[in-house]
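Biologist: I am new to this structure. Please pick one part, take a close look at it, and then set it in its wider surroundings.

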Amino acid sequence: MDGSTGNRNNPPSAMSPPPEPSPESLRHVERMINSNHYTSPSRTIYSDRFIPSRSASKFALFDINTPTEGRDDSSSAYTTLLRTALFGPDVAGVVAPVTPEKTNSPSMTLPSRNIFRYKTETRQSMHSLSPFMSDDVVPGVNHSPVKAPRKVPRSPYKVLDAPALQDDFYLNLVDWSSHNVLAVGLGNCVYLWNACSSKVTKLCDLGVDDCVCSVGWAQRGTHLAVGTNNGKVQIWDAARCKKIRSMEGHRLRVGALAWSSSLLSSGGRDKNIYQRDIRTQEDFVSKLSGHKSEVCGLKWSYDNRELASGGNDNRLFVWNQHSTQPVLKYCEHTAAVKAIAWSPHLHGLLASGGGTADRCIRFWNTTTNSHLSCMDTGSQVCNLVWSKNVNELVSTHGYSQNQIIVWRYPTMSKLATLTGHTYRVLYLAISPDGQTIVTGAGDETLRFWNVFPSPKSQNTESEIGALSLGRTTIRAENTVVGKL
C-alpha cells in the first residue's frame, strides 16, 4: 500500500491530538442545523436523518420562534401549496397570522381561519376521502357531494284484485318465478299473471272437493308445485299448463313448499316434512320429523345446503341435505314461525319472525349456532324477504297494524313503512330483478311496491312501477284481464 492512500483512509493515531475545527467546517455544521433544505454550491450534502419542513406551521400562535433563513425556491413553493390546502387559497400569500404579541390592542384579535373549525371540518371529512376539507375549493381536490338517503315510494304502483284469496296465516299462496310470472292460489284454482304482458292464465282447477294451500316455483321458473288441502303435492308445467305428476305422503293440508334444484320439500299440518326428488318415481325420498305442530314455513339456503323450517309449535329448525332430524333447534320465539329468510349476502345468516304473541324478528348465525339479535316490531310477523341487491330486508305484518316495513341490516333502522292493506299482509314475493315486491292480504288484493334499488344503481329509483297505475282483476272469466 502506498503512503498517499494510507494517509487518506487510515484513522489518525490515538496518541495524536484532534485537529482544531476550521471556520469552514463550523459554518457547514451551522448551515445543516439552521436550514431545512440547504444546497451547497459545490456538492450535494447527504444525511441519515429526515428533518421535515415546518415552515408552514403557525408556531407564532404559541410564541415559538422558528428560523426563516435559508429557504430556496422549491421550499417556498411547497410551503405555499401546503398552506393553500390546509387554510384555503385566500391565505396563501399571508406569511404569518396576527398574534396578540404583534398588536397594540389589549384585547385578542379575531383568530385565524383554521381555529374553531374542527367540528365542521370533521363532519365534512366523513363524506370525503380527501384529508383536506374546507368550504373553499382546493385546486386538484375532488369534492363529491353527500349522497342523499334513498327514497322508497309510499304507494303501490299496481293493485290487482284477487277474489277468494284466503285470510289464513298458515298458507303460502303467492310466488314469483325467475321468468317474471306470478302464481297465485285463489280458492281451488291457480292463476298465473305475466308481469311483462299482464296476461292472466288459469293454470289448474282442483275441483269443489279441494283447495290450494301453497304454491312454489322451481328455480328455473318452468315448473310450479301446488300443495293441496287433501295432502297432495302436484307438479305442473307452466308453459303447457299440464300436470306432470301428483305425489302423496301428507295426511293433511300442505301449507309450505321449498325447492332446492330437483329436490322439493313440503311441510304439512301433519307436522312432517317430506323430501321429494322429482327425478325418481317415489313420492318422497325421506321424511323429516321434529315439529310438534303444523309446519308453516320452509326455506332453503342460497347454497342449497341448509333447510330452515318454522312451525306452529314456535320452533325454528335447521336441517342439512341428509339429516332426518334437525341439526339446529331454536326455541326463542313465543308464537308460530312462518316468516323465514336466508341472507344472500352472508353465509349462514338466517332471519325469522314470530306471530301475534311474539312480534319479533330474530337473526341467527347457523355457522356458529348463535343468536345474533332481536327486533320487536310491535305486530305479527307474517313474511320476510331479503334484498339481493342491497343489505336490506322487508317484513310484512298482521295484527295489529297490517304494515310493510323496509329495514336496513344490521342496524335494523326503518327505511320505510308502507300501508294500504286493510287485512293482515299474509303473502309476500319478490321479483326476479330484486327491486319489486308483491303483497297479498285477506282484503283480496295484491299490491306491487318498488322498495329495493337496482343492482347497478342503488340510488336511482326503479322505473318498473311507472308503467301502469290501474287496478286489474287477476281472476276473470275466460282468463281475460279486465281493467277497472
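Modeller: What follows starts with one strand, then moves outward to a sheet, some charged pairs and the confidence of the model.

First, the ground rules. This is a predicted model, and residues are numbered from 1 along each chain as its sequence is written. Local features need pLDDT of at least 70, side-chain atom pairs count only at pLDDT 80 or more, totals for chains, interfaces and linings use all residues, and side-chain values use heavy atoms, with hydrogens and water left out.

The chain has 4 helices and 30 strands. Helices (H or I, at least four residues) and strands (E, at least two) are DSSP runs, numbered from the N terminus. The part chosen here is strand β20, residues 360–365.

How many residues of β20 are buried? The count is 6 of its 6. Buried means under 20% relative accessible area, exposed means over 50%, and partly exposed lies in between (1.4 Å probe, protein chains only). In a regular strand the side chains alternate between the two faces of the sheet. On one side of β20 sit Cys360, Arg362 and Trp364. On the other sit Ile361, Phe363 and Asn365. Both faces are covered.

Now the neighbours. Strands of a sheet pair through backbone hydrogen bonds, either parallel or antiparallel. Two strands count as paired if DSSP finds at least two bridges between them. Strand β19 (residues 349–354) runs antiparallel to β20, joined by 5 bridges. One of the links is Leu349, whose bridge partner in β20 is Asn365. The two strands form a hairpin with 5 residues between them. In that turn, Arg359 has a positive phi of about 65°.

β20 also pairs with β21 (residues 370–376), again antiparallel, through 6 bridges. Here Ile361 has Met375 of β21 as its bridge partner. This hairpin has 4 residues between its strands. Asn369 in the turn has a positive phi of about 55°.

Next, a sheet elsewhere in the chain. Four strands form an open sheet in the order β6-β7-β8-β9, with antiparallel pairing. Its edge strands are β6 (212–217) and β9, and each pairs on one side only. Neighbouring strands of this sheet are turned by 25° against each other on average, direction ignored. That angle is taken between lines fitted to C-alpha atoms, for helices over the stretch in contact, and angles run from 0 to 180 degrees between N-to-C directions. β6 and β7 pair over 5 bridges. Trp217 has Leu224 in β7 as its bridge partner.

A UniProt record adds a label. An unreviewed entry lists "repeat: WD" at residues 212–246, 288–329 and 418–451. UniProt positions follow the numbering used here, feature names are shortened, and annotations may be inferred rather than shown by experiment. In the model, residues 212–246 are 0% helix and 63% strand, with end C-alpha atoms 14 Å apart. For residues 418–451 the figures are 0% helix, 56% strand and 10 Å.

Then the charged pairs. The structure holds 10 salt bridges. Each is a side-chain nitrogen of Lys or Arg within 4 Å of a carboxyl oxygen of Asp or Glu. Among them is Glu248 with Lys232, at 4.0 Å from N to O. This pair links distant parts of the chain, 16 residues apart. Glu248 lies in the loop between β9 and β10, and Lys232 in the loop between β7 and β8. Glu248 counts as partly exposed because its relative accessibility is 43%. Lys232 is partly exposed too, at 29%.

Another pair is Arg253 and Glu294, whose closest N and O atoms are 3.0 Å apart. Arg253 is in the loop between β9 and β10, while Glu294, 41 residues away, is in the loop between β13 and β14. Both residues are buried. Arg279 and Asp277 meet at 2.9 Å, N to O. Arg279 is exposed at 66% relative accessible area, whereas Asp277 is buried at 12%. Salt bridges that share partners also join Asp168, Arg253, Arg269 and Glu294 into one network.

Last, confidence. pLDDT is the predictor's confidence in each residue, from 0 to 100. The chain averages 80, and 67% of the residues score at least 70. Over residues 95–141 the pLDDT stays under 50. The stretch 476–484 is below 50 as well.

Terms used
Contact = heavy atoms within 4.5 Å.
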